[in-house]
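Some notes for your file follow, as numbered points. They cover one helix packing and a set of charged side-chain pairs.

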Amino acid sequence: MPERKKWTFATTGIVAALIALSAIATMVIRIPIPATTGYFNIGDVFVVLAGLWLGPLGGMLVGGIGPTIADAIGFPIFIPATMVTKGLEGLVVGMIAMGATGTSIKRRTVAAVAGGLIVVVGYFVFEAYIYPWFGKYIPTFAITDIGAAIIEIIPNAIQGVVGAVGGLALWKVMSGYNPKK
Amino acid sequence: MTNSKQIIEIKPWWLRLIILLSIGIPVLTGWPVNIATESIKEILPVTPEMANIFVWMVYACFIWLVVFLSAGEKKLLEYLAIAFMLGLTTSISGAIMRKVFPFIAGGLSGDEVSFKMVKLFIIIITVVPYSILVMNSFSARNLIENLTKMKGKFKTIGLHFALAFRVVQHVGEVIFNLLEIWSEEHPEKLFPRHRRGWSEEWYSGVNVFPWVWEAVSAWIFACIILAFEPIPAMVDEVEKINKVLSQNERKP
């Protein structure tokens with residue numbers, strides 16, 4: 001796991017459970033960052049887990065939907081940034097991990113670290129360039145600038161590390177689960 | 001009022017969805033909160049920040065009234081318990097982290113940060129009950145029943161969607177109920193003051209760290225176990241429905 005295989009009802013069940021868990025994990029531990037109006041959270045743990053366990057499509061769905069639901073509760077302005085960044089995080093983790101064989105951890109560690117990097121780079125690009133550009137046309141988006149985006153690099157890096165380590169640890173526990181058994 | 005279910009009884013389902021989305025417009029777009037804030041500023045001698053908070057509070061009361069009328073008093077209190085827990089953990093953890101890492105305030109003044117945090121708290125205690133109400137206003141069973149009338153690929157896609165919706169509903173329900181159950185049966189997993197040796201042993205100040213680790217691990221594993229436990233049964237049921245529908249489609 002993960003390897004290319006048919007999408008079944010069991011896959012849908014697991015993806016839906018991970019979407020709900022990633023939304024709840026994102027909501028339960030939230031540390032607001034007033035500089036950007038964003039927040040630190042641990043939802044990435046389940047996005048990385050989804051990528052490692054289910055592959056690129058499952059990772060992208062969990063990353064693009066779960067944390068976005070959490071953003072809708074209190075931080076709706078971050079919905080576009082989260083949907084793209086976290087969706088990409090799940091997709092890339094899944095793509096890199098797809099080539100891993102058996103229970104080998106090396107390639108999966110690289111995948112999880114790549115996921116963390118995408119979180120840092122993705123939010124930086126959105127907060128430093130895309131949101132200020134949107135803000136010229138839609139004032140609601142004018143909440144960040146390059147200075148605020150730099151401040152958020154450290155919390156996002158910690159979030160990426162927590163997501164990578166937690167996701168790998170949970171993958172070791174969960175990868176044997178099969179809803180058909 | 002505990003048995004009133006006005007919103008879930010609205011038919012067809014798309015009308016119910018439109019009504020619920022209309023109620024939630026301020027949450028997603030900020031409109032008409034900004035217009036109302038401007039009006040209040042002109043009428044009352046208050047700062048723009050206070051006017052904005054006042055409007056959000058009025059909107060919160062409106063949402064709570066909608067939940068009360070639709071789901072009843074007991075459910076409203078349950079949803080508010082979850083909302084206040086999420087709002088308070090966000091506010092308290094934010095306040096602690098701003099003391100430890102002042103740079104995250106990004107040079108904003110104390111008043112500006114306080115305004116942002118108060119507004120965030122009010123938005124959370126408003127949006128959480130609303131979101132749970134929306135989620136519980138639709139039935140996965142009804143969705144599956146409607147799908148049985150469809151044919152071809154749309155039916156299979158619809159069954160996947162119905163299964164996903166049912167799993168998400170289940171996870172939301174069990175995990176938030178876990179909080180209520182644990183607060184009665186295992187308070188030591190939720191509140192640090194219930195941990196072993198608290199206020200009696202010399203090391204009581206230090207043993208909060210093992211407690212945090214144990215509590216977080218217990219929470220994560222309990223959530224995962226409860227989330228995944230019924231999936232095999234749910235998948236099995238949907239597969240059987242899919243099989244029967246496919247056989248019926250093949251019959252001349």
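1. Asp236(B) has a relative accessibility of 34%, so this residue counts as partly exposed. Please read this and every other value below as coming from a predicted model.

2. The partner of Asp236(B) is Lys240(B): their side chains meet in a salt bridge, 3.4 Å from N to O. Both residues belong to helix 10 of chain B and sit four residues apart, about one turn of the helix. Lys240(B) has a relative accessible area of 52% and is therefore exposed, the cut-off for exposed being over 50%.

3. Helix 10 of chain B, residues 231-250, also carries Glu237(B), while Arg141(B) lies in helix 7 of chain B, residues 140-147. These two form a salt bridge in which the closest N and O atoms are 3.9 Å apart. The pair therefore ties together parts that are 96 residues apart in sequence. Glu237(B) is at 28% relative accessibility, so it counts as partly exposed.

4. A further salt bridge joins the side chains of Lys75(B) and Glu78(B), at 3.7 Å from N to O. Both are in helix 5 of chain B (residues 73-100), three residues apart, which is about one turn of the helix. Lys75(B), at 36% relative accessibility, counts as partly exposed. The pair is part of a network of salt bridges that links Lys74(B), Lys75(B) and Glu78(B).

5. How many salt bridges does the structure hold over all chains? The count is seven. Those between Lys240(B) and Asp236(B) and between Arg141(B) and Glu237(B) are among them.

6. In chain A, the point to look at is the packing of helix 2 (residues 44-54) against helix 7 (residues 153-174). Their axes come within 7 Å and cross at roughly 50 degrees. That angle falls outside the ranges for roughly parallel (under 35 degrees) and roughly perpendicular (65 to 115), so helix 2 and helix 7 of chain A are oblique to each other. The crossing of these two helices is right-handed.

7. Which residues make that contact? Helix 2 of chain A supplies Asp44(A), Val45(A), Phe46(A), Val48(A), Leu49(A), Leu52(A) and Trp53(A). From helix 7 of chain A come, among others, Gly163(A), Gly166(A), Gly167(A), Leu168(A), Trp171(A) and Met174(A). The residues of the contact divide into 12 nonpolar, four polar and one charged.

Technical notes: Residues numbered from 1 in each chain as written. Chains lettered and ligands numbered in written order. Predicted model: local features only at pLDDT ≥ 70, side-chain atom pairs only at ≥ 80, totals over all residues. Heavy atoms only, no water. Axes fitted to C-alpha atoms, helices over the stretch in contact; angles between N-to-C directions. Parallel < 35°, antiparallel > 145°, perpendicular 65-115°, else oblique. Left-handed = near helix turned anticlockwise from the far one by under 90°. Contact = heavy atoms within 4.5 Å. Nonpolar A, V, L, I, M, F, W, Y, C, P; charged D, E, K, R; others polar. Salt bridge = Lys/Arg side-chain N within 4 Å of Asp/Glu carboxyl O. Buried < 20%, exposed > 50% of the residue type's maximum accessible area, 1.4 Å probe, protein only.
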